[in-house]
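This briefing goes through one protein structure by topic. Look at the sequence and the model before reading on.

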Amino acid sequence: MPKTLTCDWKTSKGKGNPSLKTRLIKHRCNYTWKGIKIERYKSDDSTWFNASRRVLTGTYGEKTRFHVRYFQIAPQGYTTLERHRHEHVVVGIRGRGLCRVNGKSYRIGFLDTLYIEPHAGHQLKNPYNEPFGFFCLVDAKRDKPKVLKGR
């Protein structure tokens, strides 16, 4: 008799991180989450300005094949113009911003979703007078970005 598909999930004992448990990350106010640090977008260099990030999932022992991060760009700020082999999904959550991908500009607003293909040169900017915040989903295993010239 052929195997039937079910929605019953069996746990595999002895596998994975035994201390890893389901967890809820409570949103506080002003786009912060309980227990999540606000980090610099990257190390100090002149390729970006006025951007920060918060890693929500992916670096706490989860077995996911993706990471979920929240980035925020202050007015007149921008991220590094770069490209890499991995793809991105960007979902606008706060304010609005622009994303330049391979020379084309996309306006991103609340809940707008932008897929950025592998190897595409891209940069996010905030030319507006309010913060621009977005979720960014990426592969857990990803290559190091290559910085491109320009801004």
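Which residue in strand 10 does His 88 stand opposite? His 88 stands opposite Val 138. The model is a predicted one, and the points below cover its strand pairing, its salt bridges and its two largest pockets.

**Strand pairing**

- Strand 10 pairs with strand 3 in the antiparallel sense, over eight bridges.
- In that pairing, His 67 has Val 138 of strand 10 as its bridge partner.
- Strand 10 is also joined to strand 5 by six bridges, and these two strands run antiparallel.
- Val 138 therefore appears in two places: as the bridge partner of His 67, and opposite His 88, with strand 10 defined as a DSSP run.

**Salt bridges**

- Four salt bridges turn up in a search of the whole structure. Three of them are described here, including the one between Arg 23 and Glu 62.
- The side chains of Arg 23 and Glu 62 meet with an N to O distance of 3.1 Å. Arg 23 lies in the segment before strand 1 (39-40) and Glu 62 in the loop between strand 2 (49-57) and strand 3 (66-78), so this salt bridge ties together parts that are 39 residues apart in sequence.
- Glu 62 is buried, because its relative accessible area is 17% and the cut-off for buried is under 20%. Arg 23, with a relative accessible area of 38%, is partly exposed.
- Arg 53 and Glu 39 form another salt bridge, in which the closest N and O atoms are 3.3 Å apart. Since Arg 53 belongs to strand 2 and Glu 39 to strand 1, the pair ties together parts that are 14 residues apart in sequence.
- Arg 53 is partly exposed at a relative accessible area of 23%, and Glu 39 also counts as partly exposed, at 23%.
- Arg 96 and Glu 130 meet in a salt bridge with an N to O distance of 3.9 Å. Arg 96 is in the loop between strand 5 (88-94) and strand 6 (97-101), while Glu 130 is in the loop between strand 9 (122-125) and strand 10 (132-139), so the pair ties together parts that are 34 residues apart in sequence.
- Arg 96 has a relative accessible area of 40% and is partly exposed. Glu 130 is partly exposed as well, at 36% relative accessibility.

**The largest pocket**

- Rolling a probe the size of a water molecule over the atoms shows where empty space is left.
- The volume of the largest pocket is about 390 Å³.
- Its lining consists of 22 residues, and those nearest the centre of the largest pocket are Tyr 41, Lys 42, Arg 69, Glu 82 and Pro 145.
- At least two lining residues come from each of strand 3, strand 5, strand 9 and strand 10. Strand 10 gives the most, with three residues.
- Sorted by class, the lining of the largest pocket holds nine nonpolar, six polar and seven charged residues.

**The second largest pocket**

- The second largest pocket has about 180 Å³ of volume.
- Leu 20, Lys 21, Thr 22, Arg 23, Glu 62, Lys 63 and Thr 64 line the second largest pocket.
- Arg 23 and Glu 62, both in this lining, are the pair that meets in the 3.1 Å salt bridge.
- By class, this lining has one nonpolar, two polar and four charged residues.

Terms used. Residues numbered from 1 in each chain as written. Predicted model: local features only at pLDDT ≥ 70, side-chain atom pairs only at ≥ 80, totals over all residues. Heavy atoms only, no water. Helix = DSSP H or I, 4+ residues; strand = E, 2+ residues; numbered from the N terminus. Buried < 20%, exposed > 50% of the residue type's maximum accessible area, 1.4 Å probe, protein only. Pairing = 2+ DSSP bridges. 1 Å grid on protein atoms, 1.4 Å probe; cavity = no way out; pocket = protein on both sides within 12 Å on 5 of 7 lines; lining within 4 Å. Points joined across faces, edges and corners; volume = space filled by probe spheres on them. Nonpolar A, V, L, I, M, F, W, Y, C, P; charged D, E, K, R; others polar.
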